[in-house]
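Let's take a look at the empty spaces inside this protein. What is left open between the atoms, and what surrounds it?

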Amino acid sequence: MILRDSENSCTFKDVWVLAEFAGGKVHNVTYELLGAAKKLSDKLLRKSRVVCLVLGEGTGTAAEKFFHYCADVVITVDDVSLKTFNDTVYASVISRLVKKYKPEILISGATSRGRSIMPRVAVLVETGLTADCTGLDIEEGTGLLLQTRPAYGGNIIATIKCEHHRPQMSTVRQGVFKAPVPDNSGTGEVIEENVLEAEKKTRISVIEESFSEDKGINLSDADIIVTGGRGVKGPKGFNMIAELAKVLKGAVGASRAAVDSGWISYTHQVGQTGRTVQPKIYIACGVSGQIQHLTGMQSSDFIIAVNKDAEAPIMKLADVAIVGDLFEVIPEIIKLLKSGIQADFKKLKTTAESRD
Amino acid sequence: MKIVVCIKQVPGTTNVSIDPETKRLIREGVEIVMNPFDAYALEEGVLLCEKHGGEVTALSMGPKRAELTLREALAYGADRVILLNDRALGGSDTFATSYALSQAIRKIGDVDLVICGKQAIDGDTAQVGPGIAAHLGWPQAAYVSRLIKSDDSGLTVERMHEAGNDICIIKLPAVLTVLKDINTPRMPALKRRLASGKAEIPVWSASFIKADTAKTGLDGSPTRVVTTRKPAARDKHTVILNGSAAGSASELVKILKSRIKL
């Protein structure tokens with residue numbers, strides 16, 4: 001929606017968060033964004049509320065929890081047609097509600113859902129959208145949303161504004177903002193909206209949906225990622241990588257070389273043609289560190305590399321570089337971690353027993 | 001099946017620098033390549049046409065030198081190519097770009113399927129594919145990792161998401177954005193490569209595709225880049241452990257324990 005004069009801009013208010021509700025669960029990025037929305041709304045020139053928009057089937061139970069995480073208003077669209085992720089239906093409903101309520105800002109997680117649906121909504125409501133933001137702020141004086149995002153694989157950081165169109169829309173990377181401490185007394189207004197018959201007519205239907213039970217697989221949720229590269233030498237080597245990941249409660253990553261060799265599925269690939277990740281700890285095992293791989297993980301907080309070759313590019317990027325044979329080093333790490341956990345468990349047990 | 005594959009020319013490296021005065025990317029001397037994901041989009045288009053008949057058009061919006069990338073597309077199997085090039089389109093953001101591409105797709109006419117790569121490796125936005133679908137009013141499937149079934153009326157595809165995947169049936173005309181999982185692009189035949197070097201590259205202008213220039217270029221773009229900078233360098237002090245495996249492991253476990261609860 002184009003702003004034509006100053007009067008027009010006043011009709012837009014509130015900060016909206018599009019909740020990610022999939023498989024009956026709320027994605028954590030939603031709570032992170034509600035916290036961010038609260039901070040933004042406090043800085044806006046006009047008094048604004050935090051509004052959480054949630055679409056799906058059985059969204060009712062989620063609504064209350066959003067109030068614990070800073071939402072002032074929750075708009076729920078609870079309909080069987082939203083049970084599976086149908087971009088067309090979702091985008092039609094969201095864009096209609098955006099046109100109806102006129103939010104100043106609309107943000108969602110930069111998940112595959114968010115990044116699939118938000119560009120569609122942006123076009124339908126005729127506004128700009130900034131992808132994959134790693135920072136949001138309000139500009140002093142103008143009250144405009146400053147959207148910061150990496151481009152060129154993180155080698156450039158750009159700040160982007162959307163001056164003359166509303167709402168100002170962004171998708172935001174998971175883990176950028178911390179979810180606020182929930183306030184269980186928080187409450188607010190629930191608005192129930194529905195799906196129009198015309199919006200249900202769509203040329204796409206989702207016939208099967210599967211959510212991986214293996215929690216370790218989800219790279220974007222993980223605080224710790226253990227990645228295997230060519231040096232892992234085969235699927236067997238990945239069993240060891242997976243074991244280390246499991247002990248650390250982390251996810252398994254893989255370099256392109258390992259994926260292309262068929263040792264592990266593409267879901268695990270980190271890098272330019274895989275996923276961009278930024279965990280707290282990234283452990284690269286037998287990964288040489290081609291620029292395409294570094295691009296996908298160089299924003300990690302702490303990088304550990306295990307490699308035979310002390311000169312490998314990954315060793316220069318790493319905070320800790322272990323020069324050695326990963327088939328000797330990793331089993332040692334696993335052994336130590338396991339015995340450490342055992343010892344802690346024993347200590348815990350003794351303390352508990354002594355209390356009895 | 002009439003298929004359009006959208007192709008972008010991107011810098012061959014992501015290690016780019018900014019001109020301190022103009023704040024723009026230094027493009028001089030940077031090697032230009034076809035966006036890696038687009039090669040998979042093109043291969044999927046070629047495979048579909050081999051199966052069902054039809055033609056693949058590679059469409060690119062960009063400066064004159066994007067011709068090179070389109071020649072590459074011809075070598076990889078595109079039947080025809082179109083370069084969308086007009087000063088009025090320069091500086092377009094994802095909204096304006098997807099609008100201009102959708103106008104070109106309308107101009108091509110009777111298109112059944114548009115295939116894009118998941119995202120371009122320079123902007124990394126992944127917004128143009130869904131944007132084109134929205135401008136055309138077509139359904140979309142983003143992050144497609146597998147094409148399961150295809151006929152003239154529709155496609156059955158698998159989409160990948162963070163926590164798993166789903167399978168959907170999409171009726172044509174439609175837009176897909178694809179991951180590299182979907183196929184293995186072929187090597188171009190020498191004959192095609194030679195022919196592509198001599199091919200005439202048609203150039204379309206904004207007025208030819210009847211684009212409303214209020215919606216294109218820098219001025220027609222809702223978003224604007226206000227500043228760019230290089231990210232802060234990593235605080236680089238690498239601790240090197242090159243002793244015995246047991247020694248390095250125990251040192252590392254200490255470091256891990258200081259950073260996380262184990």
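A cavity here is a set of grid points where a 1.4 Å probe fits but cannot get out, and its volume is the space filled by probe spheres set on those points. Keep in mind that this is a predicted model.

So how many cavities of 30 Å³ or more turn up in a search of the whole structure? There are 5. Here are the two at the top of the list:

| Cavity | Volume | Lining by class |
|---|---|---|
| Largest | about 120 Å³ | 8 nonpolar, 3 polar and 2 charged residues |
| Second largest | about 90 Å³ | 4 nonpolar, 3 polar and 3 charged residues |

Start with the largest cavity. It has 13 lining residues, and the closest to its centre are A:L18, A:A19, A:E20, A:R113 and A:I117. Which elements give two or more residues to this lining? They are helix 4 (87–101), strand 6 (105–109) and helix 5 (112–125), which belong to chain A. Helix 5 of chain A has the largest share, with 3 residues.

Now for the second largest cavity. From chain A, its lining takes A:F85, A:S112, A:R113 and A:S116. From chain B come B:A142, B:Y143, B:R159, B:M160, B:H161 and B:D166. At least two lining residues each are supplied by helix 5 of chain A and by strand 7 (140–150) and strand 8 (154–161) of chain B.

One residue to look for in both places is A:R113: it is among those closest to the centre of the largest cavity, and it also lines the second largest.

Conventions
Residues numbered from 1 in each chain as written. Chains lettered and ligands numbered in written order. Predicted model: local features only at pLDDT ≥ 70, side-chain atom pairs only at ≥ 80, totals over all residues. Heavy atoms only, no water. 1 Å grid on protein atoms, 1.4 Å probe; cavity = no way out; pocket = protein on both sides within 12 Å on 5 of 7 lines; lining within 4 Å. Helix = DSSP H or I, 4+ residues; strand = E, 2+ residues; numbered from the N terminus. Nonpolar A, V, L, I, M, F, W, Y, C, P; charged D, E, K, R; others polar.
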